[in-house]
Amino acid sequence: MLFNSTQFLLFLPLALIGYFLMPYRLRWAFVLLCSYYFYMCWRIEYVLLIMGSTVFDFMVVRAMGALSDPQSRKPLLWLSLGMNLGVLSFFKYFDFLASTGNSLTEALGGGAPLPIFHILLPVGISFYTFQSMAYAIDVYRGHKEPEQHLGYFALFVCYWPQLVAGPIERSGTMLPKLKTDFAFDYDRTLIGLNRIALGFFKKLVVADRLAVYVTEVYSHPQDFGTIAIAIAAVFFAFQIYCDFSGYTDIAIGCARIMGVTLTENFDRPYSATSITEFWRRWHISLSSWFRDYVYIPLGGSRVLKWRMYYNLFITFLLSGLWHGANWTFVIWGAFHGGFLVWEKLTEDLRTRIKTQTFLARIPKLVNAWSLSITFFWVVIGWIFFRAKSLGEAITVFKGLGAMDFRVNLIELMAGNGLFNFGMSLLAIGLLLSSYLLPKDLKIRYNLAFLLTVGLVILLFGKGGQSDFIYFQF
């Protein structure tokens, strides 16, 4: 079920009213049924997949928790991880690996081609799989006791507000929240509704309007000049931010009404002054997942420097692959991993230059320059992320490098129309203006705020129903 659908507008009040009217002892079952219904609205048969995965992990991890010896626990851990990664790999990567293998076989002169199944990727599989894997690893490490109630564990795996696109939650903090008896609270509900409204604003007023221009240019970049392609690249940076953070806002708002506080997933990422800082602010729940369950187990920074750089690069390479079965995502992950390694290598030198030269006298200018350069490289990386193939990405870069500064207004607006193009620029301006406000500014979430945001959405939101970008991951 899409958040930006009529179906959801009917589902949300019924789910919330039912939640508070339901006796506490039955509330978990009601929310679990809502979660499965929420998922089945997309594709009924795939709910069996998430149910099967849930029961398997519950039984295996509970058996693992009954053992005290880490060595005897390890086979059960690998069984759980193997099942999760096996299912994820089959649905997400089999066709990609098979087509890559077929291409290599053909280039080498023959061999029977591997079958291509054209598998439809189950929505949210990357998110709930990682959530289950983290639970198994935490129990293995002794950080968490295995959950004894199948219903609560199932609810942890498929909690409907964050089921499809996160944030990725940890069992140690999420399960106790799901078990807490929250009574209805007016102030908490108003805060949640305002957060939902902000999410819809980001999605409908900003992301979906920017998407019109971005889609037009990326559909045939060879027909556009350098300026139009550059605008599309910048527009996509804001589109994906508002699309993904908009989903997160709606998820956080829905859960907040029910008393559950989900992890904040974004922290003004485009105010970062380095790629390292960008990844502390962007998709925080995924970044911290890879840090805790990939980077640190590889040795983290507690190893020789060359090995630390290797660990960092591999972690981001895998992060890129997590996003999708396409070489563009692999290159995007390698691009960011390489940048992080470079920033580690030059960290001392850059610090000395900033603090021991004339640049120390103009810190604000240096900060503005660092922010601009960081944003530039993030946008370059997003080109690989947005392109459907390496060929399309290369075409976009050729267009940028052609220095074809055509200023035909019709082409410059990419068929977007003056109103839509103007609204896109205004939406980005509003977003950037919010960055000028102090981070600790207390926004007064009241009914007037909610009504104002709602009115803006009705007046300027783009009509139609579009998927959230991160649904494909």
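**Exercise 1. In which helix is the place of Leu447, and which residues make the nonpolar surface patch of about 470 Å²?**

Solution. The structure is a predicted model.

Step 1. Leu447 belongs to helix H19, which covers residues 447–460.

Step 2. The relative accessibility of Leu447 is 45%, so this residue counts as partly exposed. Patch residues must have over 30% relative accessible area, and the value of 45% for Leu447 satisfies that cut-off.

Step 3. The patch is made by Phe184, Tyr186, Leu447 and Leu451, and its area is about 470 Å².

**Exercise 2. Determine how Glu147 and Lys179 are paired, where each one lies, and which ring Lys179 sits over.**

Solution. Side chains of opposite charge can pair when their charged atoms come close.

Step 1. A salt bridge joins the side chains of Glu147 and Lys179, with an N to O distance of 2.7 Å.

Step 2. This pair links distant parts of the chain: Glu147 is in the loop between H5 and H6, Lys179 is in helix H7, and 32 residues separate them.

Step 3. Glu147 has a relative accessible area of 6% and is therefore buried. Lys179, at 30%, is partly exposed.

Step 4. Lys179 also has its charged end over the ring of Tyr152, at 5.6 Å from the ring centre. Tyr152 is one of the buried residues of H6.

**Exercise 3. Establish how far helix H6 is covered, and by which elements.**

Solution. Step 1. Helix H6 spans residues 150–158, and eight of its nine residues are buried.

Step 2. The buried residues are Gly151, Tyr152, Phe153, Ala154, Leu155, Phe156, Val157 and Cys158.

Step 3. The cover over these buried residues includes helix H2 (24–40), helix H3 (47–65), helix H5 (125–141) and helix H7 (171–179).

**Exercise 4. Analyse the salt bridges of Asp249 and Asp243, giving the partner and the burial state of each.**

Solution. Step 1. The count of salt bridges comes to twelve.

Step 2. Asp249 forms a salt bridge with Lys202, and their closest N and O atoms are 2.8 Å apart. The pair links distant parts of the chain, with Asp249 in helix H9 and Lys202 in helix H8 (residues 186–219), 47 residues apart. Both Asp249 and Lys202 are buried.

Step 3. Asp243 forms a salt bridge with Lys203, where the closest N and O atoms are 2.6 Å apart. Here again distant parts of the chain are linked: Asp243 is in helix H9, Lys203 is in helix H8, and they are 40 residues apart.

Step 4. The cut-off for a buried residue is under 20% relative accessible area. Asp243, at 2% relative accessibility, is therefore buried, and Lys203, with a relative accessible area of 0%, is buried as well.

Step 5. Lys202 and Asp249 belong to a network of salt bridges that also links Arg195 and Glu264. Lys203 has its charged end over the ring of Phe468, 4.6 Å from the ring centre.

**Exercise 5. Classify the aromatic pair of Phe236 and Trp382 and locate its two members.**

Solution. Step 1. The count of aromatic pairs comes to 60.

Step 2. In the pair of Phe236 and Trp382, the ring centres are 6.2 Å apart and the planes make an angle of 80°. Planes over 60 degrees apart count as edge-to-face, and this pair is of that kind.

Step 3. The pair links distant parts of the chain, since Phe236 is in helix H9 (residues 226–257) and Trp382 in helix H15 (residues 363–386), 146 residues apart. Both Phe236 and Trp382 are buried.

**Exercise 6. Describe the surroundings of Ser370 and Asn84, excluding residues up to four places away in sequence.**

Solution. Step 1. Ser370 is in helix H15. Its relative accessibility is 10%, so Ser370 counts as buried. The residues touched by Ser370 are Thr273 and Lys354, with those up to four places away in sequence not counted.

Step 2. Asn84 lies in helix H4, residues 70–107. With a relative accessible area of 1%, Asn84 is buried. Beyond the neighbours within four places in sequence, Asn84 is in contact with Ser53, Asp57, Thr129, Ser132 and Met133.

**Exercise 7. Is Ile44 buried or exposed, and in which loop does Ile44 lie?**

Solution. Step 1. Ile44 lies in the loop between H2 and H3.

Step 2. Its relative accessibility is 57%, so Ile44 counts as exposed.

How values were computed. Residues are numbered from 1 along each chain as its sequence is written. This is a predicted model: local features need pLDDT of at least 70, side-chain atom pairs count only at pLDDT 80 or more; totals for chains, interfaces and linings use all residues. Side-chain values use heavy atoms; hydrogens and water are left out. Patches are made of residues with over 30% relative accessible area and no salt bridge: like charges are joined within 9 Å, nonpolar side chains (Val, Leu, Ile, Met, Phe, Trp, Tyr) within 5 Å. Accessible areas come from the Shrake-Rupley method with a 1.4 Å probe; for residues, only the protein chains shown count as cover. A salt bridge is a side-chain nitrogen of Lys or Arg within 4 Å of a carboxyl oxygen of Asp or Glu. Helices (H or I, at least four residues) and strands (E, at least two) are DSSP runs, numbered from the N terminus. Buried means under 20% relative accessible area, exposed over 50%, partly exposed in between (1.4 Å probe, protein chains only). Rings of Phe, Tyr and Trp (its six-membered ring) pair if their centres lie within 6.5 Å; planes under 30 degrees apart count as stacked, over 60 as edge-to-face and the rest as tilted. A charge sits over a ring if NZ of Lys or CZ of Arg is within 6 Å of the ring centre and within 35 degrees of the ring normal. Contact means heavy atoms within 4.5 Å.
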